[in-house]
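Hi there,

Here is the structure I promised to pass on to you. My notes on what turned up in it follow straight after, so you can read them with the coordinates open.

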Amino acid sequence: MESIHDSGDLIPGTLEMLILKALYRGPQHGYAVAEWIQGTSQQVLKVEEGALYPALHRMELRGLLKARWGTSENNRRAKFYDLTAEGHKQLHTESRRWARLSSAVAFVMQAS
Amino acid sequence: MKQQWHELMLRSRAIFVKRRMEKEMAEELAFHQAMLKEKLVRQGASHEEAERTARLRFGDGRRWHERLRELWQFRWLENLRRDLKYSLRVLRKSPGFTCVAILTLALGVGANTTVFSIINGLLLRPLPVPESDRLVVLGIAQDQPNPSYSFPEPLFRALESRHEAFSSVFASFSTEADVKADTGTERARLQMVSGDFFSGLEVAPLMGRVLTRADDSKGGSPAGFAAVISDSFWQRWFNRASNVVGQKIRVDNTVFTVVGVMPKRFMGVNPLERPEIFVPLAAEPAMDGAQNLTTAGLHAWWLNTMARLQPGVSPAQANAQVEAASQSILRERAPDANWLSKREGEHFHFVAEPGSAGFTYIRLIFRKPLVAVFAMCGGVLLLACLNLASLLMARGAARQKELATKLSMGATRGRLIQQLLLESLLISLAGTAAGLAVAPAIGESLSALLLGGQTEINIDTRLDLRVFAFAALVSLAATLLVGLVPALQATSSGLNEQMKQGQHTTQAQERNRMLPRVMMAFEVALALMLVVGAGLLTSSLVKLYRSGAGFDPRGLESIAISMDHQALRGEALMQFYRQVGEELARQPGVKAVSWQWVVPLAHMTWDESFYAPGGKEEDIHENSIAPDYFKTMRLPMFGGRDFRWNDRAASGQKIIINQAAANLLLPGRNPLGQVLSKKDKGKVIPYEIVGVVGDAKYEDIRQAAPPTIYHPMTQADAEQPPSFNAVVRLEGGSGELASAARAIVQKINPEIPAPKISSMETMVDESLSAERTMALLSGFFALCALMVTAIGLYGTLAYATARRTAEIGIRMALGAKRMQVARMVFAQNSAVALAGSAAGLACALLGSKLLSSFLYGTSVRDPWIFAGAIVVLALIASAASLLPALRAARIEPVRAIRCE
């Protein structure tokens, strides 16, 4: 199974885009974000904690996410991240960019 | 843009909630780990396995924190904090360097600023009155380098009534007076002021009213004379009684009604004087009796005159206006054509100068010295900066290996420079703070020295913060700039080479080491100049004191007895003086007593034209004296006889002349028995010379003793005012003389006002106050300069020597003797001191000409002073070099080489 060491290494900004997408459904704590990405990608994309948290904090600093302390599903105190208006906008731009990029890459790779 | 702003905000907030953030980060990670472990356990792993896997995945928790923390902080701030810690450690590790640098700055910035502040407070600070920039000081220019600032009453009144450029013209005269109470008499600082004084200064009273023009009219207002008192006098005399207005005070035997109290911050026109009682000028004749300055008219030059400019008039325009008005005022007030033509011959005209700082007699004395003092201030500041520069450079050179190591370990150039600059900054901050700490003590002791116990003068010794800020900024800039040099040098290319070579001298380093030494030489030169300057001024002062007045002022007291209001004249008056003199002579400690009409050095002049047979008319100073005068004054008698009490008018006019008069009027002739003549109202009056005496100074101790004729007081004509001054030669204190004189006079006639006693020694001191201050200040600066230079010489040599430890070790291992090593190190500073002294000598020779106008009887190239200054500097340099030389001699070769 292929794992991604640091998503930033593959294509810069990819991890951030994935995080934005993960949070699109509603506020989540870091562990759930990692799990969701991993699960949704069918274990292809494994998000390392060493990359995830710096990315989350960086995005919080930049105002894409806002954080709030809440109670997790198993009654623990956890830090929940949520998209801000800025985050929503960023997700929109990023997904359009990604769609363009991936189809372009696909075109190139499928060329005979 | 928006995102960056958001970042900035959150990061700034993070500075304040740092603790909470750290805790939350840890909690967040712990949560993640716990969730992970739960999942693993759910998937069937044992607790231990889950624990291990989680640990493996997360690694060291601290690194995690570090990464997150970095995100949240300002990187530069964090770097700054680290650099600060590091710099403090570095500075603590070299306490010698740190102390030397801080001391230099404390001296250069602190001491220097203090002096500047005092002078500034004395001379430059504006008066605390509204729109002080519209005040001007009026003066009288004649054929002299400086205008005079004393006006006779008639000329002032003429100016007062004219209003072209000024909204008001006002005059004041400061003196001391006796204030009589039931319990006794006290002295108080008195200021006689003209009617527009208070309105011109635009100050409001604390209570009551100020003096007005109505008060300044003959005899005062219908209710008698009015007076305004200061806040301090209100406190001292009336204990702040609220009903003070309307109370009577008796000042110099004249009754005044207190009409107002001035607020505390009001200090009159002279920041140094702070008068306690203000009385109208018109009260002067009543207070001073028949010999008063007002009636003396154009013969008494006593009033300090200021004016307030009309709105929109510049001081220059006002100056032009008063100059233009001079002629008509002179003509209007001149008593006779002779007087007028004499004034016109001297190009007499009025001047107006900016006077926002008020009227300070000291400022007038200091007009030129001030520039010199500022130059000295600048010199010391420059010295301090140079010192720091050379120290820092020596240190920078010594640290090149350390810097190179850091660079090779991956430090960026920028960070390294930042760190070095921070070190410099810390030094200058600490030095400035130390300067601030020592400033008040220096200020107080210096002003105490300056005033020499004159309690009636107050100097504001508060540090002028602007000046301090300036000095601090200069030193800061210097430190930073100089700190930058080693930083840049050290981080320039080719450093790896240096690291490899370690302490071994390379050419580049040799050059680097030259610069601090050149700077030190420059410093020595500067210090030498300051020492020479101080030496010249001090020697001039000593010569002034030594050349002195001609008479011996030590133990000489002058007692003024006011007889103007008494009926005694002629024979009876002489009898009175003779009797008082005899009584005074019987007092304990009194060696001799005589009388004089004009008190020398009191800036009073009596002169007329005399001529010898066949000679031309010459202006000769005169005085009227009693027998034993020359013995009392300790003036040598070169020939002839002293006056006698029975030298009467009937026996023909007798005179005694001084050597200067003999040389002028009767060159090469024996003056004894010769006759001098004076033309008076068409008659020729002959005077027979019966004696020749030594020269004595008359008006001013700086001026040569003028040709002088002494008349016996027994031959005084009826027009001469009858108040004489006793001169008393004392051995021992003058403690009881004042009360004794009072008792003697009172016994003869209780109507006679209490005599005023003043010490001639004090008068000489006061007349030399500018020279004393200059000598004192220059001495202080020279001392500072010497200390700074010594510190610098020691510091740079100590550094240079420390760097050469290994080299010296090798030398010694190869057989160099300890003495040789010590001599080698010592020789380094000798070369610096020698070069500096040579340069300083050259500059001092050229520059000392600037001092010539301050010097009395001292050549600007006095070889003794130059030699002395060089010896002093040589001693200082030797002392500063001795310690490093000895330390070098004590180096243990084995250990020194192993260090490498």
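Let me start with two helices of chain B, H19 (residues 570–585) and H22 (residues 737–748), whose axes come within 10 Å and cross at roughly 140°. That angle makes H19(B) oblique to H22(B), and their crossing is right-handed. Please keep in mind here, and for the rest of this message, that the model is predicted.

Which residues make that helix contact? On the H19(B) side they are B:Phe576, B:Gln579, B:Val580, B:Glu583 and B:Leu584, and they meet B:Ala741, B:Ile744, B:Val745 and B:Ile748 in H22(B). By character, the residues of this contact split into seven nonpolar, one polar and one charged.

Next, the strands of chain B around E18 (residues 683–693). Strand E15 (residues 637–640) runs antiparallel to E18(B), and three bridges join the two. If you want a place to look, B:Met637 stands opposite B:Val693 in E18(B). Strand E16 (residues 654–658) pairs with E18(B) in the parallel sense, over five bridges; here B:Ile655 has B:Ile689 as its bridge partner. Strand E17 (residues 675–680) pairs with E18(B) in the antiparallel sense over six bridges, and B:Ser677 is matched with B:Pro686. E17(B) and E18(B) also form a hairpin with two residues between them, and B:Lys681 in the turn has a positive phi of about 50°.

On to where the two chains touch. How many residues of each chain take part? In chain B, 18 residues are in contact with 15 residues of chain A. The elements of chain B that give two or more residues to this side are helices H1 (2–16), H2 (18–42), H3 (47–58) and H4 (61–72). H2(B) supplies the largest share, seven residues. The residues on the chain B side divide into eight nonpolar, three polar and seven charged.

H2 of chain B comes up again when you look at helix H3 (residues 30–40) of chain A. In H3(A), A:Gly30, A:Tyr31, A:Ala32, A:Val33, A:Ala34 and A:Ile37 are buried. These buried residues pack against helix H2 (14–23), strand E1 (28–29), helix H4 (49–61) and strand E3 (77–83) of chain A, together with H2 of chain B. Just after H3(A), A:Gln42 takes a positive phi of about 55°.

Finally, a word on backbone angles. Most residues other than glycine have a negative phi, so two loop residues in chain B may be of interest to you:

- B:Glu202 is not a glycine, yet has a positive phi of about 60°. It lies in the loop between helix H8 (197–201) and strand E4 (207–208) of chain B. Is B:Glu202 buried or partly exposed? With 15 other C-beta atoms within 10 Å, B:Glu202 is partly exposed.
- B:Arg634 also has a positive phi of about 60° without being a glycine. Its place is the loop between helix H20 (629–633) and E15 of chain B, the strand that pairs with E18(B) in the antiparallel sense. B:Arg634 counts as partly exposed, because it has 18 C-beta neighbours inside 10 Å, and 20 or more would be needed for a residue to be buried.

Happy browsing, and best wishes!

How values were computed. Residues are numbered from 1 along each chain as its sequence is written. Chains are lettered from A and ligands numbered from 1 in the order in which they are written. This is a predicted model: local features need pLDDT of at least 70, side-chain atom pairs count only at pLDDT 80 or more; totals for chains, interfaces and linings use all residues. Axes are lines fitted to C-alpha atoms, for helices over the stretch in contact, and angles run from 0 to 180 degrees between N-to-C directions. Helices (H or I, at least four residues) and strands (E, at least two) are DSSP runs, numbered from the N terminus. Angles under 35 degrees count as roughly parallel, over 145 as roughly antiparallel, 65 to 115 as roughly perpendicular and the rest as oblique. A crossing is left-handed if the near helix is turned anticlockwise from the far one by less than a right angle, and right-handed if clockwise. Two residues are in contact if their C-beta atoms, placed from the backbone, lie within 7 Å. Ala, Val, Leu, Ile, Met, Phe, Trp, Tyr, Cys and Pro count as nonpolar, Asp, Glu, Lys and Arg as charged, and the others, Gly among them, as polar. Two strands pair if DSSP finds at least two bridges between them. A residue is buried if 20 or more other C-beta atoms lie within 10 Å of its own, exposed if 12 or fewer, and partly exposed in between; C-beta atoms are placed from the backbone.
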